[in-house]
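Here is a short report on one protein. Look over the sequence and the structure first, then read on.

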Amino acid sequence: MERETPELVAPATFLRGEEGASPESVRARFERMIRRVQAEVCAELEAVEGGASDGGGAALFREDAWTRPGGGGGISRVLQGGRVFEKAAVNVSVVYGVMPPEAYRAARPEAAAAAGGEKAGPVPFFAAGVSSVIHPVNPFAPTMHFNYRYFETEAPKDAPGAPRQWWFGGGTDLTPSYIIEEDIKHFHSVQKQTCDKFDPSFYPRFKKWCDDYFYIKHRGERRGVGGIFFDDLSDYDQKTLLQFATECADSVLPAYIPIIERRKDIPFTEEHKAWQQLRRGRYVEFNLVYDRGTTFGLKTGGRIESILVSLPLTARWEYDHKPEVGSEEWKLLDTCINPKEWI
């Protein structure tokens with residue numbers, strides 16, 4: 001397992017040699033985009049945190065930069081214990097090298113299955129992405145997650161089952177503890193507007209994909225109220241999909257910040273907080289059991305603090321907890337069991 005090397009200052013680019021030879025390559029352009037988005041999201045979250053109702057200065061993100069001996073590196077930025085945000089993380093990584101066969105199967109389960117019984121060897125790969133999870137303090141302010149990524153794999157000379165491929169993936173989704181339709185409709189309308197610029201089939205297709213992906217099988221419910229999700233996307237040219245991923249990432253703040261501004265100071269009770277913590281437990285269950293990004297990171301020997309940074313600072317499990325039918329808590333659970341069309 002490859003260990004990362006801490007860096008005092010992040011390099012201007014994590015690409016080197018042939019990887020960074022062309023500033024207009026998809027790899028180079030994607031890296032610039034995700035690092036810009038990371039900076040913009042962190043700045044906006046700090047502005048909101050600094051404007052909390054009890055006054056005081058902004059809580060700064062802690063930044064850790066790291067590199068991998070095999071190629072690439074990343075930047076993790078984390079804010080925790082704030083007045084508005086219990087925990088907020090915005091990470092970027094640009095890594096390349098060779099991944100073991102089990103990591104390839106985690107990254108491309110369909111392609112690996114299509115190879116049948118042929119056993120692939122180690123696979124040369126390139127992977128870059130920006131990923132963020134934001135867990136607010138207030139139970140009426142929803143958790144939000146987004147991730148946009150670009151992958152390439154090369155066929156090893158002596159091993160079948162992993163042809164040269166490239167694809168984009170990502171999505172933005174909302175996980176509230178309470179159903180506030182105004183907020184959810186706003187969030188979904190921003191996703192739809194972004195998708196419609198490229199293809200009117202994108203939003204309904206990626207909305208359903210999101211509902212299906214964030215399904216906690218052992219609970220029979222979704223993690224939240226969805227958004228958009230796509231993976232293995234390569235059915236358009238690279239330039240178009242790079243622009244689509246860029247616009248999706250740029251839509252995160254307009255989709256989320258107005259909701260936070262409306263909900264961060266709403267009074268709440270200990271009962272509201274306890275329900276939020278139970279729903280955070282569901283978040284943990286999905287991420288550790290089903291999430292492909294977590295699985296891929298663990299199987300490629302990724303930086304463990306970056307991989308698990310999506311987990312909330314606090315969560316709760318109660319034995320056989322069932323909300324009262326008709327209660328606000330029950331409405332949330334019913335929506336997670338029976339996904340709705342919001343717009």
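The largest cavity in this protein has a volume of about 910 Å³. Keep in mind that the model is a predicted one. The lining of this cavity takes in 45 residues. Which of them lie nearest its centre? They are Ser 93, Ser 131, Asn 147, Gly 293 and Thr 294.

One strand stands out here. Strand S5, residues 123-136, gives the most to the lining of the largest cavity, with 8 residues. By class, that lining has 19 nonpolar residues, 19 polar ones and 7 charged ones.

How many cavities of 30 Å³ or more are there? The count comes to 6. The second largest holds about 70 Å³ of space. Its lining includes Asn 138, Pro 139, Ala 141, Pro 142 and Thr 143. Thr 175, Pro 176 and Ser 177 are also among the lining residues. So are Gln 276, Arg 279, Arg 280 and Tyr 283. Here a helix takes the lead: helix H8, residues 270-289, gives the most to the lining of the second largest cavity, with 4 residues. By class, this lining divides into 5 nonpolar, 5 polar and 2 charged residues.

The table sets the two linings out by class.

| Cavity | Nonpolar | Polar | Charged |
|---|---|---|---|
| Largest cavity | 19 residues | 19 residues | 7 residues |
| Second largest cavity | 5 residues | 5 residues | 2 residues |

Now step back to the whole protein. It has 11 helices and 10 strands. Of its 343 residues, 55% are buried. The accessible surface comes to about 15,200 Å², and carbon and sulfur atoms account for 54% of that surface. What share of the contacts with a separation of 6 or more joins residues 24 or more positions apart? That share is 73%.

Next come the cysteines. How many disulfides does a search of the whole structure find? The search finds 0. Take Cys 195, which is in no disulfide. The nearest cysteine sulfur belongs to Cys 248, and it is 5.4 Å away. A disulfide needs two cysteine sulfur atoms within 2.5 Å, so a pair must meet that cut-off to count.

Is Cys 195 buried or exposed? Cys 195 is buried, because its relative accessible area is 0% and buried means under 20%. The same cut-off settles the case of Cys 336. Cys 336 has 0% relative accessibility, so Cys 336 counts as buried.

How values were computed. Residues numbered from 1 in each chain as written. Predicted model: local features only at pLDDT ≥ 70, side-chain atom pairs only at ≥ 80, totals over all residues. Heavy atoms only, no water. Buried < 20%, exposed > 50% of the residue type's maximum accessible area, 1.4 Å probe, protein only. Helix = DSSP H or I, 4+ residues; strand = E, 2+ residues; numbered from the N terminus. Contact = heavy atoms within 4.5 Å. Areas by Shrake-Rupley, 256 points an atom, 1.4 Å probe, with all protein chains shown as cover. 1 Å grid on protein atoms, 1.4 Å probe; cavity = no way out; pocket = protein on both sides within 12 Å on 5 of 7 lines; lining within 4 Å. Points joined across faces, edges and corners; volume = space filled by probe spheres on them. Nonpolar A, V, L, I, M, F, W, Y, C, P; charged D, E, K, R; others polar.
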